[in-house]
Amino acid sequence: MRNSRIDVSPIAGSLGAEVSGVDLSKPLADAAADEVRAAFVEHQVLFFHDQRLTPEQQIAFSGLFGPVTQVPYIKPLDDYPEIVAVLKEADENKIATFGGDWHSDFSYLEEPPAASVLYGLEIPAFGGDTLWADMYAAFEALSPGMQRKLERINAMHSGHVYGAAMQDTDLRLSRSIEISRGNAEADVERPHPVVRVHPDSGRKALFVNPIYTTRLENMTKAESRPILRFLYDHCTRPEFTCRFRWRPGDVAVWDNRCTLHYAVNDYDGSRRLLHRTAIAGDRPIAAA
Ligand SMILES: O=C(O)CCC(=O)C(=O)O
């Protein structure tokens with residue numbers, strides 16, 4: 001593969017594009033790296049097929065989008081603290097999976113990761129797709145009145161799924177993903193703007209998600225629920241989404257600042273293994 005023949009083909013109307021003509025195991029020439037980064041800003045999620053990456057090569061490729069960072073509460077690979085194995089074994093049936101509801105990665109952190117990279121190693125013959133939702137398109141489709149209201153408020157986020165209330169939960173997750181539960185600090189709520197401005201595109205995106213957003217600032221959970229429910233239903237409308245069917249050797253990189261994603265848990269009886277890296281991000285910038 002030569003890095004000078006990059007093709008970018010959208011896979012859906014709102015977001016997501018396949019990139020061909022790039023071998024991610026080698027350092028990209030400056031011009032190719034610029035093209036990939038520009039495609040990333042434009043399409044929000046990029047997919048690369050037929051790659052063969054060692055952990056070192058995945059970490060090096062991830063560095064194209066910013067500093068590679070570690071994520072809290074999840075045990076990484078022994079030799080690679082930057083990589084988490086997203087694995088469900090074939091005999092792990094009727095359990096919850098990592099990322100099995102719409103979310104933006106670790107949005108409860110003060111500086112949530114800007115982007116994430118997944119590399120598919122073992123993929124079921126069918127099922128185990130991942131969906132992404134375009135949070136720019138969702139914001140832009142709202143009425144001007146709703147946009148103005150949302151631009152002025154914060155939502156609270158917490159890592160409660162790793163928090164104290166989860167210590168004795170009987171929620172069964174894949175045994176291969178070692179999640180640390182019962183961390184009091186994970187329960188701390190942090191405000192982030194409901195509408196954030198993307199530092200590279202300058203566009204406004206909704207920034208709430210059903211896993212980590214607990215409520216709207218200065219409102220109770222009960223008061224917040226109908227508004228958040230409306231936003232979740234709105235931003236995951238099919239026309240704002242794309243769906244990726246994995247093959248071994250596929251790489252996906254997505255922008256957590258302007259997308260949500262959802263791992264479809266429909267592959268009981270098959271093993272699925274991906275390696276995941278994260279790219280550091282900044283504190284979300286408010287729109288108003
Ligand atoms: O397994 C997947 O397809 C996505 C998992 C996920 O949500 C993540 O890596 O953040």
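A residue counts as buried when its relative accessible area is under 20%, and Lys88, at 2% relative accessibility, is therefore buried. The model discussed here is predicted. In it, the ligand takes up the space of the largest cavity, and the protein covers 100% of the 300 Å² of accessible area that the ligand has on its own. The points below treat the surroundings of the ligand, two charged residues with low accessibility, the cysteines, and two residues with a positive phi.

**The ligand and its surroundings**

- The residues around the ligand are Val86, Phe98, Gly99, His103, Asp105 and Leu118, together with Thr130, Trp254, His261, Ala263, Arg272 and Arg276.
- Among these residues, Thr130 has a side-chain N or O atom 2.6 Å from an oxygen atom of the ligand, while a polar side-chain atom of Arg272 lies 2.8 Å from an oxygen atom of the ligand.
- His103 also places a polar side-chain atom by the ligand, at 3.1 Å from one of the ligand's oxygen atoms.
- With these contacts in view, the covering of the ligand can be stated again: of the 300 Å² of accessible area that the ligand has on its own, the protein covers 100%.
- Two elements, strand E15 (259–263) and strand E16 (272–279), are those that give two or more residues to the shell around the ligand.

**Lys88 and Arg257**

- Lys88 has its place in strand E5, which spans residues 84–88, and its relative accessibility of 2% puts Lys88 in the buried class.
- Although Lys88 and Leu273 are 185 residues apart along the chain, their C-alpha atoms are separated by 6.7 Å.
- Arg257 belongs to the loop between strand E14 (251–255) and E15, and Arg257 is classed as buried because its relative accessibility is 11%.
- The side chain of Arg257 is engaged in a polar contact with the side chain of His198, at a distance of 3.4 Å.

**Cysteines**

- The structure holds zero disulfides, and for Cys242 the reason is one of distance, because the closest cysteine sulfur, in Cys258, is 11 Å from the sulfur of Cys242, too far for a bond.
- Cys258 likewise is in no disulfide, the nearest cysteine sulfur being that of Cys242, 11 Å away.
- For a disulfide to be assigned, the two cysteine sulfur atoms would have to lie within 2.5 Å.
- Both cysteines are classed by their accessibility: Cys242 counts as buried at 3% relative accessibility, and Cys258 counts as buried at 1%.

**Residues with a positive phi**

- Most residues other than glycine have a negative phi, and it is against this background that the next two residues are listed.
- Gln44, although it is not a glycine, has a positive phi of about 75°; Gln44 is found in the loop between helix H1 (30–43) and strand E3 (45–48).
- With a relative accessibility of 1%, Gln44 counts as buried.
- Asn218, which is not a glycine either, has a positive phi of about 65°, and Asn218 lies in the loop that runs between strand E12 (213–216) and helix H5 (221–235).
- Asn218 is exposed, its relative accessible area being 73%, whereas Gln44 is buried.

Notes
Residues numbered from 1 in each chain as written. Predicted model: local features only at pLDDT ≥ 70, side-chain atom pairs only at ≥ 80, totals over all residues. Heavy atoms only, no water. Buried < 20%, exposed > 50% of the residue type's maximum accessible area, 1.4 Å probe, protein only. Near = heavy atom within 4 Å. Polar contact = N/O pair within 3.5 Å; in protein donor to acceptor, adjacent residues only side chain to side chain. Areas by Shrake-Rupley, 256 points an atom, 1.4 Å probe, with all protein chains shown as cover. 1 Å grid on protein atoms, 1.4 Å probe; cavity = no way out; pocket = protein on both sides within 12 Å on 5 of 7 lines; lining within 4 Å. Sits in = over half its atoms within 2 Å of the grid points. Helix = DSSP H or I, 4+ residues; strand = E, 2+ residues; numbered from the N terminus.
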